[in-house]
Amino acid sequence: MPLKDLQKRKEYTKQYREKNKEYFKNYFETNKELLKEKRMKKPQEYNEKIKKRKREYYQKNKDEINKKKRERRIKNKDKINEYNRLYYQQNIEKMREKSRNNSKKRRLSKRDQLNEYHRNFTKRLRCKLRLEALNKISNNDLKCINCSCIDYELLEINHKNGSGKEDRKKYNSTDITFYKAIIDGKRSIDDLEILCKICNILHFISFKYNINKHKIIYIESS
Ligand SMILES: [Zn+2]
């Protein structure tokens, strides 16, 4: 094999390509479709391999490639602008349709983003207010007053005399306003207490059916 040395061979190929630049360019241009077909016929793994190699090469030489791209764009600014102008004129309907679609997509995605932001904001606010309200009711000793459960996710505000329904109606069932009323002192906490979900059910049952035969024990994990 001529030029066993890889470096030399690379150099030679580069020179050869440079010398026959026009030929290669023409060849690629005229056989574009054929080459594409050929490529598609190759096994899937081969294409994946090439893609992977390209990706790796790009990641490794990212800065250089982007710098060159930028330079090329600046150098050929007029040419690119002229090409774009011509292309737009020739495909005016297509381009208009595209821009309409794009702006619609942007509008929708912005709305989604806003909704997402709002949802997250409300979620965070609710978490913060819930903690504050629970702390106020428990006088900063946050646990279930029945079984001493301290698992925060399980703790709830219980209405001692079962007036939860009225509160839900009054505060439009959004807990944020309810928590706020508690924190601001607009809602008295005399009839409120902290219970875990399980004790809350027990409280509900004993309140509704007057059954007082159950006991809940919370086992603290060691
Ligand atoms: Zn409990």
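Colleague: How far apart do the C-alpha centres of domain 1 and domain 2 lie?

Modeller: In this predicted model, the C-alpha centres of the two domains are 62 Å apart. Domain 1 covers 58–90, and domain 2 covers 122–209.

Colleague: And what radius of gyration does the protein chain have, set against a compact globule of 222 residues?

Modeller: The protein chain comes out at 35 Å, while a compact globule of 222 residues would be near 17 Å. Along the principal axes, the C-alpha atoms fill a box of roughly 95 × 50 × 35 Å.

Colleague: What share of the residues counts as buried?

Modeller: Just the number, then: 7% of the 222 residues. For contacts, take the pairs with a separation of 6 or more: 69% of those in the protein chain join residues 24 or more positions apart.

Colleague: Let's turn to secondary structure. How many helices and strands are there?

Modeller: You'll find 10 helices and 2 strands in the protein chain. Reading from the N terminus, the order is α-α-α-α-α-α-α-β-α-α-β-α. Helix H7 spans 92–137, and a loop links helix H7 to strand S1 at 155–159.

Colleague: Now backbone angles. What sign of phi do most residues other than glycine have?

Modeller: Negative, as a general rule. Here, asparagine 140 has a positive phi, near 60 degrees. Look for asparagine 140 in that loop between helix H7 and strand S1.

Colleague: Is asparagine 140 buried or exposed, and why?

Modeller: Asparagine 140 is exposed, because there are 8 other C-beta atoms within 10 Å, and the cut-off for exposed is 12 or fewer.

Colleague: Where is asparagine 210 placed, and what is its phi?

Modeller: Asparagine 210 sits in the segment after helix H10, which runs 197–209. The phi of asparagine 210 is also positive, near 60 degrees. Asparagine 210 counts as exposed because its C-beta neighbours inside 10 Å number 7.

Colleague: Last one, confidence. Why should I look at pLDDT before reading coordinates in detail?

Modeller: Because where pLDDT is low, predicted coordinates should not be read in detail. For this protein chain the mean pLDDT is 89, and 97% of the residues reach 70 or more.

Colleague: Which elements have the lowest and the highest mean pLDDT?

Modeller: Helix H8, residues 164–170, has the lowest at 82, and strand S2, residues 192–196, has the highest at 94.

Notes: Residues are numbered from 1 along each chain as its sequence is written. This is a predicted model: local features need pLDDT of at least 70, side-chain atom pairs count only at pLDDT 80 or more; totals for chains, interfaces and linings use all residues. Domain bounds come from an automatic or database domain assignment. Helices (H or I, at least four residues) and strands (E, at least two) are DSSP runs, numbered from the N terminus. A residue is buried if 20 or more other C-beta atoms lie within 10 Å of its own, exposed if 12 or fewer, and partly exposed in between; C-beta atoms are placed from the backbone. The radius of gyration is taken over C-alpha atoms; the globule rule is 2.2 Å times the number of residues to the power 0.38. Two residues are in contact if their C-beta atoms, placed from the backbone, lie within 7 Å. pLDDT is the predictor's confidence in each residue, from 0 to 100.
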